[in-house]
Amino acid sequence: MAKTLELARQFGLFEERYFNSSGTCNVIKSAVSKGTPSSYQQKFTYVVIIDFESTCWNHGERTPSQRNEIIEFPALLVSINTGDILSQFHHYVQPLEQPTLSKFCTELTGITQSQVDEAFPIDIVMAKFRRWMASISTDFSFTFNSGDGELCAFATWTNWDLGICLAEELKRKSIVFPEQMKSWVDLKAVYKKFYSRSPRGLKQSMEEVGLEFEGHEHSGIVDSRNTAKLLHKMVSDGCQIGLTKSSS
């Protein structure tokens with residue numbers, strides 16, 4: 001029976017149906033219409049998934065002088081083919097422009113004032129992150145974005161993390177933006193094109209393909225781990241992962 005179902009999947013003879021948390025049935029045909037992972041070679045062997053959390057305020061509470069600063073910096077090295085998390089970088093970050101977190105921010109992210117007060121500021125965290133990037137590229141023998149041999153790309157859920165949040169903060173604080181991070185995969189855009197759907201948040205997008213979001217939503221490290229789960233599902237369904245955005 002299992003062999004018959006696998007053949008049916010490969011030749012497009014059945015639909016996959018999932019029920020989300022509201023009880024709505026979703027029909028996803030991507031696995032049968034776009035091929036299976038064995039039918040192509042992924043360009044990238046690895047991705048580094050990032051999901052920042054930043055200072056934030058409730059609607060109407062933010063003033064023109066209040067700008068987003070990263071307060072949680074998670075990064076996961078993930079195998080494209082297996083979905084395994086191979087290495088992890090995770091630091092809370094001390095905001096300097098607006099050092100006191102809003103009540104809204106603490107309730108949304110679960111990050112406490114003491115966690116950021118005891119953390120390093122972004123310049124030191126970026127220095128640590130550069131060393132981590134160098135370490136994993138050596139340990140796993142890959143280069144970022146392009147070149148010979150095995151490759152690794154950065155991946156985020158939307159362009160906000162790298163294209164807006166990190167880019168604007170580093171520019172304000174005169175910190176060099178790492179060259180490796182100037183191109184990335186916007187997994188939300190890839191999801192939208194591959195499944196022919198209009199994704200909402202990460203949690204809802206996972207539910208639409210039959211996955212359960214695990215942990216506290218809007219925790220950076222938790223969101224990163226769930227993004228890794230969704231990425232593995234997309235690849236298993238036959239999705240090809242490629243760069244979608246560049247800030248160069």
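Start by selecting helix α7, residues 187–195, together with helix α9, residues 220–236: their axes come within 12 Å of each other and cross at roughly 30°. Because angles under 35 degrees count as roughly parallel, α7 is roughly parallel to α9. Keep in mind as you look around that this is a predicted model.

Now turn the view until you can see one helix in front of the other. Which hand does the crossing of α7 and α9 have, left or right? The crossing is left-handed.

Next, show the side chains where the two helices touch. On the α7 side, pick L187, V190, Y191, F194 and Y195. These meet T227, L230, L231, K233 and M234 in α9. Try colouring this contact by residue class: you will find eight nonpolar residues, one polar and one charged.

For the second stop, leave the helix pair and go to the largest pocket, which has a volume of about 420 Å³. Select D51, F52, E53, W160 and H218, the lining residues that lie nearest its centre. In total, 18 residues line this pocket.

Which elements give two or more residues to the lining of the largest pocket? They are β4 (53–54), α3 (103–109) and α6 (160–172), so select each in turn.

Finally, colour the pocket lining by class as well: seven of its residues are nonpolar, six are polar and five are charged.

Definitions and conventions: Residues are numbered from 1 along each chain as its sequence is written. This is a predicted model: local features need pLDDT of at least 70, side-chain atom pairs count only at pLDDT 80 or more; totals for chains, interfaces and linings use all residues. Side-chain values use heavy atoms; hydrogens and water are left out. On a 1 Å grid over the protein atoms alone, a cavity is a set of points where a 1.4 Å probe fits but cannot get out, and a pocket is an open set with protein on both sides within 12 Å along at least five of seven lines; lining residues have an atom within 4 Å of a point. Grid points are joined across faces, edges and corners, and a volume is the space filled by probe spheres set on the points. Helices (H or I, at least four residues) and strands (E, at least two) are DSSP runs, numbered from the N terminus. Ala, Val, Leu, Ile, Met, Phe, Trp, Tyr, Cys and Pro count as nonpolar, Asp, Glu, Lys and Arg as charged, and the others, Gly among them, as polar. Axes are lines fitted to C-alpha atoms, for helices over the stretch in contact, and angles run from 0 to 180 degrees between N-to-C directions. Angles under 35 degrees count as roughly parallel, over 145 as roughly antiparallel, 65 to 115 as roughly perpendicular and the rest as oblique. A crossing is left-handed if the near helix is turned anticlockwise from the far one by less than a right angle, and right-handed if clockwise. Contact means heavy atoms within 4.5 Å.
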